[in-house]
Amino acid sequence: VLLALALLAATLYYPWVLARAKFELGGSASRSVAGHVEDVRLRAAEQYCTGILSSGENLWLVSRLEGTGLEHPADSRRLDDPSSTRTESFAHSWLGLSRSEPATSRLLRLEADGRFREIAWMNETLCLTASPDGRTLFALTGLDRPADTGIYQTQVLRSDDQGANWQAVEGAFMNPEETVAWSMRLHFHGDRELWSVGEPPASDWQTYEAPSIGLAYSSDRGISATPVRHAESLLLTLEEIRAHAPDWANWGDYNGQHGRIQTELVQLDADNALYWISQSFMYGPADGPYLDTTLNFSSRIHLQRQADGWRVASVERSNGESLSQVQRSQGGRIVGLLTTDDWQQRIVELDPQTLRWRTLGTPPNLFAPFPAGNGISELRVGRNTVLAVVSGEHEIPLWLTPSRSEPATVSASGVYYSTDWGDSWKKLPIAGYLGLLGFDADRDKVFWAEGQWYDSDDRNIYQAQLH
């Protein structure tokens with residue numbers, strides 16, 4: 001009887017673990033309501049440029065949705081040109097995107113009554129960011145500039161009075177090589193120093209005496225900026241890395257000239273910064289239909305401030321790993337995500353003395369205790385916590401599905417946090433796809449909504465303190 005009960009329990013336990021991961025069951029947090037919206041569509045989220053941002057004294061919500069039919073409050077300010085009838089902007093054309101009608105971005109601010117109130121809107125993409133002290137807001141948009149400006153970068157708006165007034169930045173904002181403003185990644189050092197981190201253009205695109213390396217620096221919150229240049233390209237080419245693969249390797253058309261590029265930067269102190277360029281190339285069997293093998297290469301560039309600006313002091317290259325999502329915690333720790341050629345990930349911390357990475361932890365296993373491939377798609381670093389959006393895939397043994405010639409797989413996602421920097425994890429009751437709305441790194445506070453606007457009428461935005 002005991003043996004039969006044990007076999008029954010084991011038989012039920014395995015599908016329960018798969019269902020728990022697949023349907024994102026479980027997770028706990030001492031949640032409270034951060035605020036609410038009057039219409040559930042006002043919290044519509046997408047994969048980029050939507051969600052919650054804390055700017056110190058205010059909490060902001062950016063939503064974006066096509067064709068809602070929602071009326072705008074009378075005192076909500078329109079930030080785009082109302083006379084424009086275009087349904088497709090230069091930014092969307094450049095990215096190869098199209099749409100039948102413009103998506104409306106709404107900027108809402110949390111009021112004292114607990115309601116998120118719309119204060120501005122536009123029929124374009126809007127990404128909101130703020131200086132560390134919260135005094136300056138930047139709206140990085142997809143709005144075209146007037147044709148006579150000669151600047152082929154979409155508009156950036158700036159507010160120094162918490163959204164009451166917005167001024168267009170007249171010149172190119174930060175890195176002039178960036179065409180679409182909302183695709184820029186901004187990194188502050190202190191309250192005034194600001195970096196724009198992009199992607200180094202291919203050398204044959206350059207019209208400058210010295211190529212850009214994908215960076216621009218500002219000492220005045222972006223009012224003026226200087227691109228960082230170097231005498232030669234810092235990118236490896238496909239021809240240079242071919243020797244790391246067999247002669248029969250099929251490279252397909254995925255890699256282009258430089259593979260897939262990921263850049264990260266951290267300013268260490270007043271005169272030193274580190275810039276990482278990771279490049280991933282893929283190849284496959286000579287006559288196979290897929291590219292299934294990855295080669296990662298990483299370049300660490302030491303930047304030093306000189307009298308005439310920031311300059312490349314040294315370049316150190318390595319292979320086998322790529323680096324992504326480098327962030328400085330509020331306590332000063334520099335944390336990133338390393339991925340190896342076999343897709344294994346490690347959360348790492350930069351040693352301030354040796355400037356080498358040391359391992360802190362690995363991604364949580366969505367299908368524990370059973371083996372699975374797990375990867376972090378989004379990492380947030382707080383003062384005392386690490387927050388991770390995780391995707392995973394479990395392979396069902398063939399003996400459980402004898403009718404199949406190849407193993408079946410189950411995929412899942414979830415949101416986890418760690419208070420010991422990735423050594424152990426706790427699951428949050430947040431959907432892994434578009435569920436996470438924001439993270440206040442200074443206060444270790446997470447924000448989310450229950451379900452999407454199209455399948456839930458819950459109008460609350462929830463929050464939880466993670467330590």
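**A four-stranded sheet, a buried asparagine and a pocket**

In this predicted model, Ser196 has Ala216 in β13 as its bridge partner.

Q: How many bridges join strand β12 to strand β13, which run antiparallel?
A: Strands of a sheet pair through backbone hydrogen bonds, either parallel or antiparallel. Ser196 and Ala216 of β13 are bridge partners. Strand β12 covers residues 193-197 and strand β13 covers residues 212-218, and the number of bridges joining them is four.

Q: Which strands stand at the edges of the open sheet of four strands?
A: The order in this sheet is β11-β12-β13-β14, with antiparallel pairing. Each edge strand has a single partner strand, so one side of each is left without a neighbour in the sheet; these strands are β11 and β14 (226-229).

Q: Is Asn175 buried or exposed?
A: Asn175 lies in the loop between β10 (167-168) and β11 (185-189). Leaving aside neighbours within four places in sequence, its contacts include Ser196 and Ala216. Buried means under 20% relative accessible area. Because the relative accessibility of Asn175 is 0%, this residue counts as buried.

Q: Which class, nonpolar, polar or charged, has 15 residues in the lining of the second largest pocket?
A: This pocket has a volume of about 630 Å³. Of the 28 residues that line the pocket, the closest to its centre are Ser322, Thr339, Trp343, Gln345 and Ile376. Among the elements that give two or more residues to the lining are β19 (321-328) and β23 (373-381). The lining has ten nonpolar and three charged residues, and the class with 15 is polar.

Methods
Residues are numbered from 1 along each chain as its sequence is written. This is a predicted model: local features need pLDDT of at least 70, side-chain atom pairs count only at pLDDT 80 or more; totals for chains, interfaces and linings use all residues. Side-chain values use heavy atoms; hydrogens and water are left out. Buried means under 20% relative accessible area, exposed over 50%, partly exposed in between (1.4 Å probe, protein chains only). Contact means heavy atoms within 4.5 Å. On a 1 Å grid over the protein atoms alone, a cavity is a set of points where a 1.4 Å probe fits but cannot get out, and a pocket is an open set with protein on both sides within 12 Å along at least five of seven lines; lining residues have an atom within 4 Å of a point. Grid points are joined across faces, edges and corners, and a volume is the space filled by probe spheres set on the points. Ala, Val, Leu, Ile, Met, Phe, Trp, Tyr, Cys and Pro count as nonpolar, Asp, Glu, Lys and Arg as charged, and the others, Gly among them, as polar. Two strands pair if DSSP finds at least two bridges between them.
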